[in-house]
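Please open the model in your viewer and keep the sequence panel beside it, since this tour moves from one selection to the next.

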Amino acid sequence: MALNVVSSDRLSTNVKTSNLATGLSSKVGSSKNLLVNGAMQISQRGNVTGKTASTYGGPDRWKTSISGLGTWSISQETSVVPAGFKTAYKLDCTTADASPAATDLLVLQYKLEGFDLQGVAAGTSSAKKLSLSFWVRCTKTGNFTVHLDNKDATRSIGSTVTISSADTWEKKTMTFAADTTGAFNNDNGDALHLNMWLDAGSNYTSGAVPSAWEATSDADKAAGTNLALGNNTANIFYITGVQLEIGDTPTEFEYRLYGEELERCKRYFHRLLGGATDYWLLATKYTDDTAIGIMHWSPWMRTTPTFSANTGTNYYLWYADSDESGVNVDGSGFSLQQASERSGGIRYLLTGGESGKSFAGTGEGILWFSSSSAIVDLDAEFS
């Protein structure tokens with residue numbers, strides 16, 4: 001049976017006390033936290049607005065699942081944060097929906113791969129409990145449901161969280177029972193979802209909060225949720241310091257080194273940004289109109305990534321000794337070739353207004369960003 005305990009350490013927005021800072025561990029750079037970017041430090045995609053469907057945006061690794069429930073802005077917050085932290089995840093309602101349809105939902109979601117969960121020993125007699133802790137602040141009071149969803153075994157468990165005081169940072173902790181029945185696959189697949197149900201229709205709220213691991217039921221996923229975050233454009237939700245760890249006692253937050261956290265995020269998503277002098281890729285002429293270069297992903301990505309490059313006049317430049325002026329290109333001819341989780345070939349085909357130009361007479365050359373607006377993305381996140 002789950003130990004379903006929620007604690008609340010409240011701090012007035014006008015008062016700072018030293019005991020809040022003790023939420024940070026003095027040990028930096030270890031790995032007890034099963035989550036990446038729990039302190040919301042890394043935000044490669046940047047802030048997003050006008051979102052009415054599920055999306056990544058703001059801090060890396062965190063996804064807001066939206067279906068028919070308002071319009072949202074998602075950002076990395078740097079001003080409204082608890083002592084000891086510098087950043088938070090901010091979810092801001094910009095178009096309200098006070099009467100959700102039965103199938104509507106709003107869920108803050110984190111997805112873990114199976115490789116990272118083997119220490120839990122789920123599905124064995126040695127299965128371990130999981131403890132969750134985080135700091136949360138909301139412009140309104142009410143309950144929301146934290147729901148752990150084992151995607152490999154179709155099993156779930158949940159807990160209700162109460163926001164007791166509006167516009168106040170509160171620390172919440174809870175412990176989930178061990179599951180001796182449902183194992184996590186030892187692979188890079190989508191194994192466990194940490195879901196925070198912030199608003200939902202009756203299809204997800206009509207059941208009961210599963211205090212023990214059970215067969216997943218839609219009706220139980222948001223049972224106990226009455227926060228109704230989408231019912232007013234004044235509603236804002238903040239969260240940071242999220243830690244999921246093995247054991248029956250939530251511990252101080254593990255604040256990893258920035259570079260370490262960035263590398264962990266790049267396993268799932270890596271954005272290259274343009275600049276006036278940023279060299280990108282050493283490439284070789286393949287045909288008169290085509291060049292190919294090799295990129296080795298660092299670190300290795302979770303799976304073969306999708307590749308995208310935004311386009312614009314003179315966003316990129318092909319430069320070789322035989323063409324001292326360079327060939328300005330817009331990026332529309334980029335594609336990924338023969339890729340894996342380790343590396344890939346970046347192919348460039350001269351197209352459109354560039355068709356009168358040629359790589360003829362060149363051997364090797366350099367592709368580089370000639371505009372600060374140029375963006376290349378490698379995406380291996382879960383959908």
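Which residues have the most contacts inside the largest nonpolar core? This is a predicted model, and in it you can begin by selecting Phe134, Phe144, Val146, Leu198, Phe237 and Val242, which are the residues with the most contacts inside that core of 49 residues. In soluble globular proteins, nonpolar side chains tend to be buried together.

Keep Phe144 selected and display its surroundings: leaving aside its neighbours within four places in sequence, Phe144 is in contact with Phe134, Val136, Ser159, Thr160, Val161, Ile163, Met196, Trp197, Leu198, Thr225, Leu227 and Phe237. From there, move to Trp318, Val329, Ile346 and Val376, which are included in a second, separate core of 24 residues.

The next stop is empty space rather than packed side chains. Rolling a probe the size of a water molecule over the atoms shows where such space is left. Two cavities of 30 Å³ or more are counted here, and the largest of them holds about 60 Å³ of space. To see the lining of the largest cavity, select Val120, Ala122, Ala127, Lys128, Leu130, Asn150, Ala177, Ala178, Asp179, Gly182, Phe184 and Trp213; colouring these residues by type should give eight nonpolar, two polar and two charged.

Now turn to the charged side chains, among which 14 salt bridges are counted. Select Asp167 and Arg137, whose side chains meet in a salt bridge with an N to O distance of 3.8 Å. Asp167 lies in the loop between strand 8 (155-163) and strand 9 (169-176), whereas Arg137 belongs to strand 6 (residues 130-138), so the pair ties together parts that are 30 residues apart in sequence. Are the two partners buried or exposed? Asp167 counts as partly exposed, at 33% relative accessibility, while Arg137, at 14%, counts as buried.

A further pair to select is Arg342 and Glu341, which form a salt bridge whose closest N and O atoms are 3.0 Å apart. Arg342 is partly exposed, with a relative accessible area of 39%, and Glu341 likewise counts as partly exposed, at 26% relative accessibility.

For the last stop, select Glu254, Arg256 and Glu261, which are joined into one network by salt bridges that share partners. Within this group, the side chains of Glu254 and Arg256 meet in a salt bridge at 3.1 Å, N to O, and both Glu254 and Arg256 are buried.

Definitions and conventions. Residues are numbered from 1 along each chain as its sequence is written. This is a predicted model: local features need pLDDT of at least 70, side-chain atom pairs count only at pLDDT 80 or more; totals for chains, interfaces and linings use all residues. Side-chain values use heavy atoms; hydrogens and water are left out. A salt bridge is a side-chain nitrogen of Lys or Arg within 4 Å of a carboxyl oxygen of Asp or Glu. Helices (H or I, at least four residues) and strands (E, at least two) are DSSP runs, numbered from the N terminus. Buried means under 20% relative accessible area, exposed over 50%, partly exposed in between (1.4 Å probe, protein chains only). On a 1 Å grid over the protein atoms alone, a cavity is a set of points where a 1.4 Å probe fits but cannot get out, and a pocket is an open set with protein on both sides within 12 Å along at least five of seven lines; lining residues have an atom within 4 Å of a point. Grid points are joined across faces, edges and corners, and a volume is the space filled by probe spheres set on the points. Ala, Val, Leu, Ile, Met, Phe, Trp, Tyr, Cys and Pro count as nonpolar, Asp, Glu, Lys and Arg as charged, and the others, Gly among them, as polar. A nonpolar core is a set of buried Ala, Val, Leu, Ile, Met, Phe, Trp, Tyr and Cys residues joined through side-chain atoms within 4.5 Å. Contact means heavy atoms within 4.5 Å.
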